[in-house]
Amino acid sequence: MEILGYIAAMLIGLSLGLIGGGGSILTVPVLVYLLGLSPVISTAYSLFIVGLTSLVGSYKFYQKGLVSMKTAVVFGLPSIVAVYLTRRYLVPAIPENLFTVGDLAVTKGVLLMLLFAGLMVFASISMIKKKKEVPAEPVDVVDENIDTDLDVEHTDKTETHPKPKFNYGGILAEGLVVGTLTGLVGAGGGFLIIPALVLFSKLDMKMAVGTSLLIIAVKSLFGFIGDVFNYEIDWMFLGIFSTISIAGIFIGTYLSTKIHADKLKTSFGWFVLVMGIYIIIKEIFFT
């Protein structure tokens, strides 16, 4: 199963490079079901892996002038605070045994996996639904789950983008919600961040995608710092897993110039949906 886990790490990176995301949402299930780690430590490791891979992805967008640093700071600060406090204090404070419903004992691990499965279902919908061809309008949903070369390979650096206009109340609320969610389940939450950047900061889609990656990277890595104080971290394992995933990103990015990504993204969305439903059924009926 360990070999399958490392193969899955490569597939996670490949999906990020090929279809612009989605793969990282499989990190926690891979760590739990293939590598046998506990749900709590898996969400911690996922923060590091998601943060590092998103940082690699954001650099490509930054090179093309598609990252709004000011927006990243305004949105990122409440997210960073929320995710750090969630990992440092809230997750350790959740009791190991929460309650019992009939024969089902709801533990901390079961709760985190059910929350994560719910996130997978919502994220899969964003990949399955067709994008509306309406410029500068909020897209239905997009996950963390970014469009890499497909969206930006023809982007000219001289292309003008509207300056961000901030709805500070909306940004603060969304940042706190996304940060808390990221802290609980160890996922980036890009499918919530990108529409929020379009709606509350008036960014166009390309700029929102690039900016969201930087926000995801920073808040995930800061959240992981909270875990360093609470758990013993296997740095060797994290380094190997992350390196394999990043290698997959570069391979997937190369292949994305030769493969039509839209159909792949839809198919992958259905796969994530099935996996989310499977996790819900497994955790409720077969724990």
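**Note on helix packing, a hairpin and a buried aspartate**

1. Helices H4 and H9 are roughly parallel to each other, because an angle under 35 degrees counts as such and their axes cross at roughly 25°. The model in which this arrangement appears is a predicted one. H4 covers residues 69-93 and H9 covers residues 205-228, and the two axes come within 8 Å. The sense of the crossing is right-handed.

2. The contact between these two helices draws on many positions. On the H4 side the residues are Met69, Thr71, Ala72, Phe75, Gly76, Ser79, Ile80, Val83, Tyr84, Arg87 and Arg88. They meet Thr211, Leu214, Ile215, Val218, Lys219, Phe222, Gly223, Ile225, Gly226 and Asp227 of H9. By class, the residues of this contact comprise eleven nonpolar, six polar and four charged.

3. Asp227, a residue of helix H9, deserves separate mention. Its relative accessible area is 0%, and Asp227 is therefore buried, the cut-off being under 20%. When neighbours within four places in sequence are set aside, the contacts of Asp227 are Ala44, Leu47, Arg87 and Ile233. Of these, Arg87 also belongs to the H4 side of the contact between H4 and H9.

4. A second helix pair consists of H5, residues 108-128, and H7, residues 168-185. Their axes come within 9 Å and cross at roughly 125°. H5 and H7 are therefore oblique to each other, since this angle lies neither under 35 nor over 145 degrees, nor between 65 and 115.

5. What is the make-up, by class, of the contact of H5 with H7? From H5, the residues Leu112, Leu115, Phe116 and Leu119 take part, and they meet Leu181, Leu184 and Val185 of H7. The contact has seven nonpolar residues, with no polar and no charged ones.

6. The strands S1 and S2 form a hairpin with two residues between them. S1 spans residues 97-101, and its pairing with S2 is antiparallel, over four bridges. Within this pairing, Thr100 stands opposite Ala105 of S2. In the same hairpin, Gly102 adopts a positive phi near 65°.

7. Which residues of strand S2 lie on its covered face, and which on its uncovered one? In S2, residues 104-107, Leu104 and Val106 make up the covered face, whereas Ala105 and Thr107 make up the uncovered face. Ala105, the residue opposite Thr100, thus belongs to the uncovered face of S2.

Notes
Residues numbered from 1 in each chain as written. Predicted model: local features only at pLDDT ≥ 70, side-chain atom pairs only at ≥ 80, totals over all residues. Heavy atoms only, no water. Axes fitted to C-alpha atoms, helices over the stretch in contact; angles between N-to-C directions. Left-handed = near helix turned anticlockwise from the far one by under 90°. Contact = heavy atoms within 4.5 Å. Nonpolar A, V, L, I, M, F, W, Y, C, P; charged D, E, K, R; others polar. Buried < 20%, exposed > 50% of the residue type's maximum accessible area, 1.4 Å probe, protein only. Pairing = 2+ DSSP bridges.
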